[in-house]
Amino acid sequence: MLSVSKNLPTDNYSVVVLSDNAGTKFNPKTNGRVRVKIPSHLGMVDFGGSYLQFNAKVNKPAGATANIPMSWSKSQGATSVVRDLRILVDGNEVESISNYNVLDLLDKTFGRDLPLKEINSVLDHSIGNNQFYTGFDSGFTNAVAVEYNQIGTKQAVRLNCSGLLDLPVGFPVLATGDVEIEITLEDNERALAPVGTTQNVACEDQNASAGGEITELDITQVNSAFPFYEGYGWGFDDATATTSTNCPFSVGATFTLTGTSSVNGAFTKTGTIASLSNSGNDEVRLTFGAITGLGASATLSDCKITLNVPDFTYEIDEVKFVCRAVNMPPPYLNSLQQRIQQEGGVVYDIHSFSSYLDTLDANISRQALNVPCYASRLKAVFGVPVEASQTNYHYDRNGKVDGLRNFQSQVGDRREPNRPVDLTNWTTSGNAEYQPQEYIQELEKSFLASSMGLRTLGKWRDNFVLNRSLSYAGSSEDLNDKMFRFEVEHNNGVSNTAKNVFCFAHHIKRLQITPSGLQVFS
């Protein structure tokens with residue numbers, strides 16, 4: 001690989017490369033594949049200093065009247081729209097990462113500390129909830145629905161889980177040929193989510209009427225002083241809870257109510273919000289048509305309300321790749337040409353991920369997850385068990401531990417580590433829940449072996465990941481004639497839910513540029 005002295009003056013400039021069909025609106029249902037081609041005439045490109053940019057717009061369902069502010073799912077930002085990423089160089093597939101947004105969330109959770117995550121979010125999606133809508137009324141007085149912007153909001157995304165697009169050195173597209181970036185968009189119901197908490201929001205206990213019905217609920221405050229609802233991610237403009245900033249509960253919204261009746265036991269009911277007001281105790285009061293069948297004068301406890309979100313959609317347009325092009329000095333260009341003509345040519349090693357999907361079935365205590373990766377330089381493997389059955393517009397890409405007792409990997413004919421990684425301190429029931437030190441140590445080794453690195457373990461509970469490092473002192477392992485799998489065991493008596501396990505194998509690919517063209521070695 002060639003290098004340029006830091007003291008050598010080098011012209012570099014920003015170039016905006018438009019996507020194919022740049023004037024088209026892309027959406028996941030009818031036009032969900034976006035392609036951008038980086039032309040070879042740019043010479044040298046600094047992909048590490050480049051990013052994807054597009055305008056995004058959220059569309060409210062026809063006829064919907066409820067005040068529901070929507071944004072990207074979780075705090076992941078605009079990267080949540082990238083379901084699959086594929087990169088080709090001169091027609092050769094260099095990288096193909098399915099479920100890229102799961103890997104990106106893993107990187108955000110462990111690969112960046114909190115300050116860096118906040119800084120990066122400015123690039124990813126801009127901090128702030130009102131990026132897609134402007135007119136928003138609390139519903140306390142006028143019940144005006146959210147007015148969504150008709151002009152797209154500019155988004156910028158760094159695709160830094162890609163080895164090529166995060167390359168720390170310049171890449172000579174002049175010698176390799178055009179680089180094509182292909183993105184498949186994530187489904188609407190998995191990319192979008194309401195702003196703030198809308199699921200299982202606690203309500204004050206109350207008694208049903210003599211006829212066994214209720215017509216109102218008071219949402220339980222999170223804080224004892226203003227702002228009362230900060231813990232839900234939505235608040236109010238004043239300490240009397242009369243003007244909402246972005247409370248998603250509003251007139252016209254339908255909801256599901258769960259709880260326990262002292263007469264009839266557990267119940268699940270539905271309703272539609274007719275009005276919102278201040279209860280007199282600075283609490284949000286929801287009023288609705290009578291919910292019946294709760295039992296005469298029953299005491300209602302553990303009441304929780306979940307907002308039902310209609311089918312919101314998003315679309316993006318004006319997709320472009322903002323890349324930094326470098327004018328190679330003539331001596332550098334001559335040296336590059338000479339190296340290509342020599343035996344072996346010019347070699348680039350990129351840290352890439354290959355993705356695989358397996359499942360964990362419910363109610364089976366011991367299972368195996370196969371990762372059919374046969375890379376010659378494997379460094380680490382990650383498996384993220386995501387709930388298979390999820391509510392639309394509340395999609396969660398975080399891994400769930402769910403009563404796992406231990407896990408162990410098998411590489412060829414050997415087990416790694418030679419004793420399973422014990423998780424019982426974390427997953428057994430009881431008041432004492434200790435940090436699984438063995439798991440945390442293994443997690444640290446795996447992230448340090450991968451290109452994501454490790455900057456924080458502060459959220460190890462939030463995003464569980466099966467993992468194994470195969471790197472000693474920066475080395476790697478050849479899996480050409482081996483197999484890899486995770487073996488997991490759940491605690492006795494635990495009924496785990498079915499999960500999709502997104503596995504990502506981190507390995508090094510070699511790109512070799514010769515007079516006959518580009519060759520890719522895994």
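Me: Buried means under 20% relative accessible area, exposed means over 50%, and partly exposed is in between (1.4 Å probe, protein chains only). Is Phe382 buried or exposed?

Reply: Phe382 counts as buried, at 0% relative accessibility. Bear in mind that this is a predicted model: local features need pLDDT of at least 70 and side-chain atom pairs count only at pLDDT 80 or more, while totals for chains, interfaces and linings use all residues. Residues are numbered from 1 along each chain as its sequence is written, and side-chain values use heavy atoms, with hydrogens and water left out.

Me: OK, aromatics then. How many aromatic pairs are there?

Reply: The count comes to 16 aromatic pairs. To pair, rings of Phe, Tyr and Trp (its six-membered ring) need centres within 6.5 Å; planes under 30 degrees apart are stacked, over 60 edge-to-face, and the rest tilted.

Me: Why is the pair of Phe382 and Phe447 called tilted?

Reply: Their planes sit at 40 degrees, so the pair is tilted, and the ring centres are 4.8 Å apart. The pair links distant parts of the chain, 65 residues apart: Phe382 is in strand β23 (residues 378-387) and Phe447 in helix α7 (residues 437-449). Helices (H or I, at least four residues) and strands (E, at least two) are DSSP runs, numbered from the N terminus. Phe447 is buried too, at 0% relative accessibility.

Me: And what's the geometry of Trp426 and Trp460?

Reply: Edge-to-face, with 4.8 Å centre to centre and 75 degrees between the planes. Trp426 is in helix α6 (residues 424-427), and Trp460 is in the loop between α7 and β26 (466-469), 34 residues apart. Both Trp426 and Trp460 are buried.

Me: Which residues form one aromatic cluster with those two?

Reply: Phe407, Tyr439, Phe464, Phe484 and Phe486 join Trp426 and Trp460 in one cluster.

Me: Switching topic: how many disulfides does the structure hold?

Reply: Zero. A disulfide is a pair of cysteine sulfur atoms within 2.5 Å. The sulfur of Cys303 has its closest cysteine sulfur in Cys203, 6.5 Å away, so that is too far for a bond. Cys303 is buried, at 2% relative accessible area, and Cys503 is buried at 1%.

Me: Last one, where is Asp187?

Reply: In the loop between β11 (179-185) and α4 (188-191).

Me: Which side chain of opposite charge is nearest to Asp187?

Reply: Arg83, 4.3 Å away; Asp187 is buried yet has no salt bridge. A salt bridge is a side-chain nitrogen of Lys or Arg within 4 Å of a carboxyl oxygen of Asp or Glu. Lys and Arg count as positive, Asp and Glu as negative; His and the chain ends are not counted. Not counting residues up to four places away in sequence, Asp187 touches Pro28, Lys29, Arg83 and Tyr314, where contact means heavy atoms within 4.5 Å.
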